[in-house]
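This report describes selected features of one structure. The sequence and the coordinates are shown here.

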Amino acid sequence: MNTIKHTGKIIIEYLERFPNLPIRTLANKIYNENNQLYKNAELVRQHIKYYKGKNGKQALKNLNNKKFVGIKTKPYRMPESQIKHVEVWKLPKANKKVLVLSDIHIPYHDVEAIQTALNEGKQQGIDTIYLNGDIMDFFMLSFHEKNPKNRPSLKNEIDMAREFFAYLRQEFPNVTIYFKPGNHEHRLERYLYLKAPELLDCEEFKLEILLGLAEFRIIYISKRVKTYLGHLLIEHGDRMKGNGGVNPARSLYMRYKRHVLAGHFHRKSEHVEKVYDGSLVTSFSTGCLCELEPEYFEVNNHCLGFAIVDMDGDNFKVRNYLIENGKLY
Ligand SMILES: [Fe+2]
Ligand SMILES: [Fe+2]
C-alpha cells in the first residue's frame with residue numbers, strides 16, 4: 001500500500017469525523033491513535049494544515065480536495081447519535097375490514113382451522129388480510145435443541161409457504177395482503193447474524209425475497225415498524241417479553257397502556273380498562289392456527305383463533321374468534 005496515500009486518507013477520515021476540532025488537538029488525537037504511522041504530532045499538524053488550506057497560497061492552489069478549507073474550529077461538538085427511530089405506519093383508510101391471521105407456523109399449520117378463518121373472512125367480505133407473524137415456523141433455523149428427524153427441510157418449508165401464499169391469492173384475488181414477521185421468521189435474520197453475517201447484505205437472503213412475496217402481491221412490513229389500524233396498534237406480541245401471564249390481553253395493556261391486538265401467545269383473551277375520565281382502553285390476544293400440542297410444549301393453554309377488525313375512520317371493532325372442532329365462537 002502507498003503509505004503516503006494511506007496516511008493522507010486517515011487524516012481526511014478524521015477531518016470528516018471531527019471537522020471543527022482545533023488543528024493541534026486533532027493532530028494530537030490522530031498521532032496518539034495512529035503512532036505507528038506518523039513520526040510525530042507536528043507532521044500530522046502540517047498535514048492537517050495542508051488540507052485546511054493553511055500552508056500558503058501555492059499549496060492551497062494545488063490542493064485537490066478543498067472540502068475542509070475555511071471550516072471554523074470549535075473545541076468540541078456533540079458525538080453523532082446511533083439512535084434508530086422506529087418507523088410508524090398506519091394502514092390506509094381503504095382497509096376497512098381486516099382479517100388478522102397469525103401463528104400459522106407452516107409446516108405445522110392447522111388446515112381446517114385456517115380454512116374456517118378464510119371462509120368466515122370471505123363470508124364477511126373482508127378487503128384486507130393481515131398476516132401478523134409466525135406464519136412460518138423456521139424449525140431448522142432455531143437455536144433451541146432440536147430433533148431434525150422427520151422435520152421438513154428449510155427449502156420444503158419455504159416451498160410450502162409459497163404454496164400457502166398462492167392459495168391465499170387465488171382465494172382472495174382483490175384483497176390487500178400484508179405480511180409482518182414474528183419471532184419465528186426473525187430466526188432467519190438471527191441465523192445469518194450468527195452463522196453467516198457476510199450474507200446479511202445480500203438481497204437474495206432477505207425474508208421477503210426468499211418467500212417471493214412480491215409474486216403474490218403481498219406487502220411486506222418490516223419487523224421494527226409500529227403498525228396501526230386507526231387507533232389500534234397491531235403487534236405480533238414478541239416485543240413484549242414473557243409468556244403473557246394469566247391473561248395475555250391484560251399483560252398487553254399493562255405494558256402498552258393503549259389499544260392493542262397481538263398474536264404470539266396462541267391464546268384468545270381480551271381486556272378492557274376504564275380510564276378515570278371514563279374512556280375505555282381495550283386489548284386483545286388472538287388464538288393460533290397451528291398444532292395445539294407441539295412436541296416441545298405439549299401441556300399448554302393454546303387455542304385456535306383469529307380476528308376480524310372493522311374500521312370506521314380511526315375507530316375499530318374487533319371480533320376475536322375462537323375455533324373449536326371447526327366451529328366458530
Ligand atoms: Fe407463534
Ligand atoms: Fe411468536
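## A buried leucine in the first helix

Leucine 15 is part of helix α1, which covers residues 3–17. Helices (H or I, at least four residues) and strands (E, at least two) are DSSP runs, numbered from the N terminus. The model is a predicted one, in which local features need pLDDT of at least 70, side-chain atom pairs count only at pLDDT 80 or more, and totals for chains, interfaces and linings use all residues. Residues are numbered from 1 along each chain as its sequence is written, chains are lettered from A and ligands numbered from 1 in the order in which they are written, and side-chain values use heavy atoms, with hydrogens and water left out.

With a relative accessibility of 0%, leucine 15 counts as buried. Here, buried means under 20% relative accessible area, exposed over 50%, and partly exposed in between (1.4 Å probe, protein chains only). Leaving aside residues up to four places away in sequence, leucine 15 is in contact with Leu26, Ile48, Tyr51, Lys52 and Phe68, where contact means heavy atoms within 4.5 Å. For one of these, leucine 26, the C-alpha atom is 8.3 Å from that of leucine 15, and the two residues are eleven apart along the chain.

## The two iron sites

The donors of both iron ions are listed below; donors are N, O and S atoms within 2.8 Å of the metal (3.2 Å for Na, K and Ca), and water is not among the atoms, so sites may look incomplete.

| Metal | Protein donors | Distances |
|---|---|---|
| Iron ion (ligand 1) | Asp103 (OD), His105 (NE2), Asp134 (OD), His266 (NE2) | 2.1 to 2.3 Å |
| Iron ion (ligand 2) | Asp134 (OD), Asn183 (OD1), His236 (NE2), His264 (ND1) | 2.1 to 2.2 Å |

Aspartate 134 bridges the two iron ions, ligand 1 and ligand 2, which are 3.4 Å apart.

Which angles do the four donor atoms around the iron ion (ligand 1) subtend? They range from 88 to 174 degrees, which makes the arrangement irregular. Four donors count as tetrahedral if all angles lie between 85 and 135 degrees; four count as square planar and six as octahedral if opposite donors are over 155 degrees apart and all others between 65 and 115; anything else is irregular. The site of the iron ion (ligand 2) is likewise irregular, with angles of 87 to 161 degrees among its four donor atoms. For reference, ideal angles at a metal are 109.5 degrees for four tetrahedral donors, and 90 or 180 degrees for six octahedral ones.

Along the chain, the donors of the iron ion (ligand 1) have the spacing D-x1-H-x28-D-x131-H. Histidine 105, in the loop between β2 and α5, and aspartate 134, in the loop between β3 and α6, link distant parts of the chain, 29 residues apart. Histidine 105 is buried, its relative accessible area being 3%.

For the iron ion (ligand 2), the donor spacing is D-x48-N-x52-H-x27-H. Aspartate 134 lies in the loop between β3 (128–131) and α6 (154–171), and histidine 236 in the loop between β7 (232–235) and α9 (248–256), so this pair ties together parts that are 102 residues apart in sequence. Aspartate 134 and histidine 236 are both buried; for aspartate 134 the relative accessibility is 2%.

## Backbone features

The bridging residue, aspartate 134, has a positive phi of about 55 degrees although it is not a glycine. Arginine 217, also not a glycine, has a positive phi near 55 degrees and is placed in the loop between α8 and β5 (218–220). A cis peptide bond, with omega near 15 degrees, joins isoleucine 106 to proline 107. Proline 107 belongs to the loop between β2 (97–101) and α5 (111–124).

## Pockets

Pockets were sought on a 1 Å grid over the protein atoms alone: a pocket is an open set of points where a 1.4 Å probe fits, with protein on both sides within 12 Å along at least five of seven lines, and lining residues have an atom within 4 Å of a point. Grid points are joined across faces, edges and corners, and a volume is the space filled by probe spheres set on the points.

The largest pocket holds about 1,200 Å³ of space. Its lining comprises 46 residues, and those nearest the centre are Asn183, His184, Arg187, His264 and Tyr296. Two of the residues named there, Asn183 and His264, are also donors of the iron ion (ligand 2). Helix α7 (residues 186–195) gives the most to this lining, with three residues.

The second largest pocket has about 390 Å³ of space. Among its 18 lining residues, Glu189, Lys206, Leu207, Glu208 and Tyr220 are the closest to its centre. Helix α7 provides the largest share of this lining, five residues.
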